[in-house]
Amino acid sequence: MKPCVFATLLAAAATTAQAGPMAAPPRGGLYLGADMSYVNEMEDCGAVYRLHGKTADPFALMKREGGNLVRVRIWVNPTWTKYSNYADVLKTLRRAHAAGLQVLLDFHYSDTWADGGKQIAPAAWANLSTDEQVKALHDYTLDTLHKLDAEHQMPEMVQVGNETNPELLGGKVPGQPINWERNARLLNAGIDAVQEAGRAGSKAPRIMLHIAQPENILPWFDAATSAGVKGYDLIGISYYKKWSKWDLAQLKTTIAEAKKRYGKDVIVVETAYPFTLENADSMPNLLGGDSLIPEYPATAEGQHRYMVDLTQLTVDAGGIGVVYWEPYWVSTACATPFGKGSGWENATWFDYPKHEVLPVFEWLRHKYRRPKAGERG
């Protein structure tokens, strides 16, 4: 055998040997949890979470109540805040893993919020060519995961983008057609980087692509498939009645069809529901009466039933998880860019004013009925 061929085989064998395994799914195969990106900031602002009147660590509480997955966002260079940067995210991963929870790392690929209405490129990438942006996104993703793995904090799942309904790094252009040649290159660059990190790292994260609202899922993924986006493992869906034209039955149908059409596992990776329409501070609440479904009043029990029923329909449709958005963003004396206090306190899992746990926590440990063969859809 020629020396160069032998060396190539050795290198391939070494790469294979180094490749980390994917984390085992939770017991029962159902991912249940919450986005906890605000926890460090809320605690710095003086928030105290209570169970039966006693102070409870948010991550230990999540584990105790039956959760198994923590979602956390990361911004590239958020100079306007000291949170959701690399250091803050590392702290969250350490706390989550120490509590025995898996982590879904959500790359926004922005210095601020990226969502279904905007995908604003980081300032450092804004004036780059497409080729340069593809490289920057790839290298940033790979470097972040390498650094986390060196700290023994590799996430079990990774989102390549957050609510990427518009074109990735495309700015604020609602309704503008997507340049799928460019968009596919950017998405694939992120996917490739996560795969590379997994091959060289301690574990191989599962890769999610995430779209807001079920009515957008099939058109977006049909286009992405045609454009050559590949290598991802999971489809993430945001579902909020306030912003979706579709009801829960249509969400269920979408989960089943997406799983069938694309051969990917599906997670409802963002949802929430108010337990009251009253405010605890001066900041207006984002989820008001326009967020309600008639069967679920804005009460503690209504919030609880919504989460149990939504999770059951997800299971019935063949989905593998539900993640709540942001149950720990309680009212404090601090301010965010949206105002003083919280715009979400009426949709958290804690009451006013002492932040005592609400009945909604039970959805994490609820015994969900698994469909029999032929029942799904």
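User: Before we get to the pockets, which residues count as charged, and which as nonpolar?
Analyst: Asp, Glu, Lys and Arg count as charged, while Ala, Val, Leu, Ile, Met, Phe, Trp, Tyr, Cys and Pro are nonpolar; the others, Gly among them, are polar.

User: Great. How does the lining of the largest pocket divide, then?
Analyst: Its residues split into 12 nonpolar, 6 polar and 8 charged. Keep in mind that this is a predicted model.

User: Which residues lie nearest the centre of that largest pocket?
Analyst: Those are W113, D115, E163, W243 and L286, out of 26 lining residues. The volume of this pocket comes to about 660 Å³.

User: And what about the second largest pocket?
Analyst: That one holds about 380 Å³ of space. It is lined by 15 residues, with R27, G28, L364, H366 and K367 closest to its centre. The lining has 5 nonpolar, 5 polar and 5 charged residues.

User: Switching topic: what pLDDT does the protein average?
Analyst: The average is 93, and 94% of the residues score at least 70. Over residues 1–17, though, the pLDDT is below 50, and this stretch has 3 contacts in the model beyond near neighbours in sequence.

User: Good to know. How far apart are the end C-alpha atoms of helix α6?
Analyst: They are 30 Å apart, which agrees with the span expected for the 21 residues of α6 (residues 180–200) at 1.5 Å a residue.

User: What caps the N-terminal end of α6?
Analyst: N179 does: one of its side-chain oxygens lies 3.2 Å from the backbone nitrogen of E181.

Notes. Residues numbered from 1 in each chain as written. Predicted model: local features only at pLDDT ≥ 70, side-chain atom pairs only at ≥ 80, totals over all residues. Heavy atoms only, no water. 1 Å grid on protein atoms, 1.4 Å probe; cavity = no way out; pocket = protein on both sides within 12 Å on 5 of 7 lines; lining within 4 Å. Points joined across faces, edges and corners; volume = space filled by probe spheres on them. pLDDT = per-residue confidence, 0-100. Contact = heavy atoms within 4.5 Å. Helix = DSSP H or I, 4+ residues; strand = E, 2+ residues; numbered from the N terminus. Expected span 1.5 Å × (residues − 1). Polar contact = N/O pair within 3.5 Å; in protein donor to acceptor, adjacent residues only side chain to side chain.
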